[in-house]
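Colleague: Could you take a close look at one part of this model for me? I would like to understand the smaller picture around one chain and then how it connects to its partner.

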Amino acid sequence: MSGIGKYFKLNLNSATKQTSGSCGCGSSSGGCGTPKEDTSETSYGCANTSGGCGSQPQSQTHISDEDFDAAVDAAIGEGPKKDGFDQVFDVQMDRRSAFKKLTASLLIGAGAVSTSCSVTTGEDSKEKAQIDWEEQFKGNYKLMTDEERNATVERLVRSYQLRKKKNINMSSKDAEKDVLFGYAFNISKCQGYMDCVSACVEENNQDRNSQMEYIRIHEMKDGKGFKFEEADDNYYHEVPAEGHFYMGTQCFHCDNPPCVDVCPVQATWREDDGLVVIDYDWCVGCRYCMAACPYDGRRFNWSTPEVPEEEINKNQHYLGNRMRKKGVMEKCTFCVQRSRAGKNPACVEACPTGARIFGNLLDPNSTIRWVLENKKVFRLKEDLGTEPKFWYFMD
Amino acid sequence: MIKKNYIYILGCTCVVTLFSCKHGEGEYHNITDKIEAESKNYHGTSISSEQLLEGIETIEISEGPHTFLIPERKGQIKSYACTECHTKPLHQLKINDTIKKAHWDIKLIHANLNTMNCITCHNGNDMDNLKSLTGNTIDFNRSHRLCSQCHSKQFEDWKGGAHGKKVAGWAPPRASMTCVNCHNPHKPGFDTRWPAGFNTQKVKERE
């Protein structure tokens, strides 16, 4: 797979046989790289991506071990390092997404060519086209080197400057060693004021048109237990209401996150400090993760998110609250732009009752550890084995 | 011969079962084990909230096994020191009711009048300090000791970090709000009020 051939050699009459077997032992990550039938040709046949496990290489008599290893490596995101072009095009995809990608790239390319060759367009639009071109062909954030990460952050900042004439501050700060973020929620303290919800929306630049909210506060009847189907998460009356208690849900940043397992393109993953994050530029918007999440932690942008310019939080992180686009997933990141700088997430800071506690689970002297060790804590749907890092407790 | 084959197949099955269904679950059985194991060699992180605490005057307190910072209080009280007005003991300052009282806006809504009144916490002869139930002096900066006389359960939770809020961030050094940073000592309860917002789109989506 070398030379220019890889960019346009598409096997449109895809006849690749799918030979994936199922063994029900839940392979942990993404695709399984069904080996190609015909190794002499670069094949972009129907991708068999998500979920499955171990297709049997034994049945493929005429595939060399080398090719198989390469296919597996490509599927699990290891192996030789690929540049942006490779990451975009050197994967198995179906005809539809191939056309989609080619069209998008062509449009951007055409734009770049027309602006850069034209004598009438200004420097700014040439630079814009250049940035768009490079952004289109950048790789998966997870696989980028530090320089590449800085470069894409710089491009995004510059692009915003060119388009909106405003400066933003974007970070690509990595997970710190010896940090594992955890969260505790005191059900007896929450009064249902929803200050956390509005603080979250302001901090994370959520779409104002669709009124997207990461946090849900459920108003539940005393003495009935946790009945989410009977609870009201969109109340508007004086709170706390007589005979009710309140409990908040959001992304629980599971240590064994099912949303990450199902992502066919590995656009979402668990960081070393326990945060489950999304690369908005890699997400294809299939919403598998939304379906896989047992806690309703994920949100989808049905339309282009809009935030009034003066309300945009300009302190951003690549994996956090930077502006999203139409058709991508987003969710709570424990305010990665704040938490990695030592601050509390916006919801914790906004809570007037102190019902929300955040901290480092690996620090034996942290307050979150004291809560876990001294209060009677529980988590939602613990039996699923998702290991959420979000505990509930009562006084 | 058949028996040998049988044993061979059985052996193979055992080996296959042992190695086949490897989940991607890592080395720990659950998150609690993981936290316990990985925090054994914890030597602190480079993230600190010291910068966030800049400009906030704090004092260090030690209560039982816990040592942490709380915001300094005296500087936040508008007319401290109290003796600047209360030049004489309270009973000598008392005159007729025609003059407008200085603390006219304070209404005590804290426990009931059988349990508490002004002099439960304030000392008419020493207005610059608070006093404990037994008449000992308590500094305004350490008012949590006054509250902890009755609210012992909340005090335990606060010391550990289950009650109350942090001043700035999660990172060490720990700086926690003290009781009076959230609760008005004369009216410590939280009011009922309307929620911060109402999601009209959610209503439409669910129609």
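What percentage of the 207 residues in chain B do buried residues make up? Please start there, and then walk me through the contact with the other chain.

Modeller: Happy to! Please keep in mind that this is a predicted model. In chain B, buried residues make up 15% of the 207 residues. For chain A, the figure is 40% of 395 residues.

Let me begin with the layout of chain B. Chain B has eight helices and four strands, and along the sequence they follow the pattern α-α-β-β-α-α-β-β-α-α-α-α. Of the contacts in chain B with a separation of 6 or more, 51% are between residues 24 or more positions apart.

One helix worth a stop is α6(B), residues 152-160. Its buried residues are Asp157(B), Trp158(B) and Lys159(B), and these pack against the strands β1 (58-63) and β2 (66-71) of chain B. Just after α6(B) comes Gly161(B), with a positive phi of about 115 degrees.

Now to the contact between the chains. Here 44 residues of chain B are in contact with 49 residues of chain A. On the chain B side, α2 (31-38), α6 (152-160) and α8 (200-205) each supply at least two residues. The largest share, four residues, comes from α8(B). By class, the chain B side that touches chain A divides into 17 nonpolar, 19 polar and eight charged residues.

Across the contact, helix α12(A) is a good place to look. This helix spans residues 367-374, and six of its eight residues are buried. The buried ones are Thr367(A), Ile368(A), Arg369(A), Trp370(A), Val371(A) and Leu372(A). Their cover includes β2 (181-186), β10 (356-360) and β11 (390-393) of chain A, together with α6 of chain B. That brings α6(B) back into the picture, as part of what covers a helix of chain A.

A second spot where the chains meet is Ser198(A). This residue sits in helix α7 of chain A, residues 195-204, and touches Ala196(B) and Gly197(B). Is Ser198(A) buried or exposed? In fact Ser198(A) is partly exposed, because 18 other C-beta atoms lie within 10 Å, whereas a buried residue needs 20 or more. Within chain A, Ser198(A) and Ile215(A) are 17 residues apart in sequence, with their C-alpha atoms 9.2 Å apart in space.

The helix that holds Ser198(A) also takes part in the interior. In soluble globular proteins, nonpolar side chains tend to be buried together. The largest nonpolar core here has 76 residues, and Ala184(A), Cys196(A), Cys200(A), Cys263(A), Cys347(A) and Val371(A) touch the most other members. The element that gives the most to this core is α7(A), with five residues. Val371(A) is also one of the buried residues of α12(A). As for Cys200(A), its contacts include Tyr214(A), Ile215(A) and Cys347(A), so to speak of Ile215(A) again, it is the residue paired above with Ser198(A). A second, separate core of six residues includes Phe68(B), Leu69(B), Ala168(B) and Ala175(B).To finish, here is the wider setting in chain A, which has twelve helices and eleven strands. Its domain assignment gives domain 1 (84-171) and domain 2 (181-393), and the C-alpha centres of these domains lie 30 Å apart. The contact between them takes eleven residues from domain 1 and 13 residues from domain 2. On the domain 1 side, α6 (146-164) and β1 (169-171) of chain A each give two or more residues.

That helix, α6(A), also meets α5(A), residues 123-136: their axes come within 10 Å and cross at roughly 145 degrees. The crossing is left-handed. Among the residues that meet there are Glu127(A) and Lys128(A) in α5(A), with Arg155(A) and Arg158(A) in α6(A). By class, the residues of this contact divide into two nonpolar, one polar and seven charged.

Technical notes:
Residues are numbered from 1 along each chain as its sequence is written. Chains are lettered from A and ligands numbered from 1 in the order in which they are written. This is a predicted model: local features need pLDDT of at least 70, side-chain atom pairs count only at pLDDT 80 or more; totals for chains, interfaces and linings use all residues. A residue is buried if 20 or more other C-beta atoms lie within 10 Å of its own, exposed if 12 or fewer, and partly exposed in between; C-beta atoms are placed from the backbone. Two residues are in contact if their C-beta atoms, placed from the backbone, lie within 7 Å. Ala, Val, Leu, Ile, Met, Phe, Trp, Tyr, Cys and Pro count as nonpolar, Asp, Glu, Lys and Arg as charged, and the others, Gly among them, as polar. Domain bounds come from an automatic or database domain assignment. Axes are lines fitted to C-alpha atoms, for helices over the stretch in contact, and angles run from 0 to 180 degrees between N-to-C directions. A crossing is left-handed if the near helix is turned anticlockwise from the far one by less than a right angle, and right-handed if clockwise. A nonpolar core is a set of buried Ala, Val, Leu, Ile, Met, Phe, Trp, Tyr and Cys residues joined through C-beta atoms within 7 Å. Lists of a residue's contacts leave out its neighbours within four places in sequence.
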